[in-house]
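Thank you for making room on the agenda. I would like to walk through one structure, starting from a single residue and working towards the middle of the fold.

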Amino acid sequence: MSARAPPRPGGTNPGGDNYLGTTPAVMVLLSVLTPVLVVVLCLVIGFMLLGSRETKTTSTSPGKTEGASKADFRPWVDQDLQDDTEITAKEGEDGDWADSNEDEDLLHVPYSPPRYPEETMLARSKDLYTLMNQRRSVRFISPEPFPQEVIDNVIRTAGTAPSGAHTEPWTFVVVSDPETKHKIRRIVEEEEEVNYRQRMGDKWVHDLAKLKTNWIKEYLDVAPYLVLVFKQTYGILPNGKKRTHYYNEISVSISCGLLLAALQNVGLVTVTTTPLNCGPQLRLLLKRPANEKLLILLPVGYPASDATVPDLKRKPLDDIMVHI
Ligand SMILES: Cc1cc2nc3c(=O)[nH]c(=O)nc-3n(C[C@H](O)[C@H](O)[C@H](O)COP(=O)(O)O)c2cc1C
């Protein structure tokens with residue numbers, strides 16, 4: 001058995017072939033073509049990378065779920081997780097958007113709200129704090145009815161919130177119809193079960209354990225009113241043009257805070273809920289337009305006579321205020 005000589009890079013074996021068994025002419029051709037091949041390969045890889053980035057972008061656009069097959073395609077998954085607070089005119093769609101300088105000539109009027117003596121200020125600040133410190137998220141709500149006018153007024157109060165460029169980007173959908181409430185409950189419970197079992201992850205479920213919440217939401221049938229608060233991601237003017245709603249989520253969140261305070265003020269309770277992934281289905285159920293996204297769902301009523309709440313403590317002033 002004769003030992004074969006080790007290959008010499010670029011050279012030939014005693015037999016006349018190089019170690020790959022090719023002829024010198026092919027080698028010359030290869031050495032000329034190699035740089036060209038490398039450039040072509042780089043271009044192909046570059047185009048492939050660009051293509052995959054584009055696919056990624058379109059797959060997270062409304063109505064598409066990354067990695068979801070057509071069979072289990074559900075437009076509400078991921079869609080309402082996107083933060084579209086900053087939605088503005090896209091390139092090429094400028095004609096659809098209104099100019100922002102329409103209210104330039106807005107009249108300014110004198111403003112003189114009530115002014116209180118310092119003692120009264122102090123007393124009022126304490127009174128409001130005492131009232132608001134009694135606010136709790138209540139998950140056991142009584143079916144006992146109360147006047148619709150109270151709901152009208154608390155929503156009027158919510159509508160006094162400040163908003164980016166005074167766009168008032170909120171819609172409060174009030175539901176008292178039992179059949180619609182039940183449909184809402186079915187949508188929420190179906191999604192919440194998946195949320196708890198799959199989407200939220202162990203840490204989130206663990207953090208909620210002390211609150212003893214789960215996906216069963218009896219209050220959605222029982223509470224006399226459900227208030228579903230939608231943020232308008234952009235406005236639509238009477239002429240059909242779109243209007244930018246700056247900071248719409250912050251604005252609507254502030255209005256929700258006022259709504260909670262207004263409910264507390266009249267002795268009603270609620271629990272702030274943000275039903276994950278239910279937004280698009282609830283929007284369709286309630287026939288709200290595409291520019292509206294569900295932010296918060298509030299069941300509203302008196303507390304049930306046997307209602308309990310977790311014994312939570314609030315942070316003291318020193319922990320939440322920094323005075324400089
Ligand atoms: C943005 C937000 C989302 C919340 N989502 C839920 C929810 O989906 N379900 C729920 O039972 N409570 C929810 N809560 C209520 C909190 O659990 C509650 O505010 C917190 O435990 C403090 O209790 P308190 O409201 O009684 O002070 C939410 C509260 C906020 C502010």
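Is Glu-168 exposed, partly exposed or buried, and how many other C-beta atoms lie within 10 Å? Before I answer, please keep in mind that this is a predicted model. Glu-168 has 19 other C-beta atoms within 10 Å, and since a residue counts as buried from 20 upwards, Glu-168 is partly exposed. This residue is found in the loop between α3 and β1, and its phi is near 45°, a positive value in a residue other than glycine.

A second residue of this kind is worth setting beside that one. Asn-277, in the loop between α7 and α8, which spans 279–285, also has a positive phi, of about 75°, although it is not a glycine. Here the count is 21 C-beta neighbours inside 10 Å, so Asn-277 is classed as buried.

Let me now step back to the chain as a whole. The protein chain contains 9 helices and 5 strands, and along the sequence they follow the pattern α-α-α-β-α-α-α-β-β-β-α-α-β-α. Of the 324 residues in the protein chain, 21% are buried. If we take the contacts between residues at least 6 apart in sequence, 77% of them join residues at least 24 apart.

I turn next to the sheet. It is an open sheet of 3 strands in the order β1-β2-β5, with antiparallel pairing. Because β1, at 170–175, and β5, at 292–300, each have a single partner strand, they stand at the edges, and one side of each is left without a neighbour in the sheet. From one strand to the next, the twist averages 20°.

The strand that pairs with both of these is β2, so let us look at its registers one at a time, if you will allow me to cite the pairing again. Between β1 and β2, residues 225–232, there are 6 bridges in the antiparallel sense; Trp-170 stands opposite Lys-231, and Val-173 has Leu-228 as its bridge partner in β2. Between β2 and β5, which also run antiparallel, there are 8 bridges, with Lys-293 in β5 as the partner of Lys-231 and Glu-292 standing opposite Gln-232.

How much of β2 is buried? The strand is mostly covered, with 8 of its 8 residues buried. In a regular strand the side chains alternate between the two faces of the sheet. In β2, Tyr-225, Val-227, Val-229 and Lys-231 point one way, whereas Leu-226, Leu-228, Phe-230 and Gln-232 point the other way, and all are buried. As for β5, 9 of its 9 residues are buried, so this strand is largely enclosed by the rest of the structure, even though it stands at an edge of the sheet.

Two helices deserve attention beside the sheet. Helix α7, residues 248–265, packs on the sheet and touches β1, β2 and β5, its direction making about 155° with that of β2. This helix has 18 residues and reaches 26 Å from its first C-alpha to its last, close to the 26 Å expected at 1.5 Å a residue. Its buried residues, among them Val-252, Cys-256, Leu-259 and Leu-263, pack against α3, β1, β2 and β5. After α7 comes Gly-267, whose phi is positive, near 85°.

The other helix is α3, residues 148–158, in which Ile-151, Val-154 and Ala-158 are buried. These three cover an arc of only 65° around the axis, which puts them on the same side of α3. Glu-149 and Asp-152, on the other side, are exposed. The cover over the buried residues of α3 includes β1, β2, α7 and β5.

That brings me to the core. The largest nonpolar core has 36 residues, and those with the most contacts inside it are Leu-226, Val-227, Leu-228, Val-229 and Val-300. At least two residues of this core come from each of α3, β1, α4 (178–199), α6 (219–222), β2, α7 and β5. Leu-228 is a good residue to end on: leaving aside residues up to four places away in sequence, it touches Val-173, Val-175, Leu-282, Leu-286, Leu-294 and Leu-297.

Terms used: Residues numbered from 1 in each chain as written. Predicted model: local features only at pLDDT ≥ 70, side-chain atom pairs only at ≥ 80, totals over all residues. Pairing = 2+ DSSP bridges. Helix = DSSP H or I, 4+ residues; strand = E, 2+ residues; numbered from the N terminus. Axes fitted to C-alpha atoms, helices over the stretch in contact; angles between N-to-C directions. Contact = placed C-beta atoms within 7 Å. Expected span 1.5 Å × (residues − 1). Buried ≥ 20, exposed ≤ 12 C-beta atoms within 10 Å, placed from the backbone. Core = buried A, V, L, I, M, F, W, Y, C linked by C-beta atoms within 7 Å. Arc of directions from axis to C-beta.
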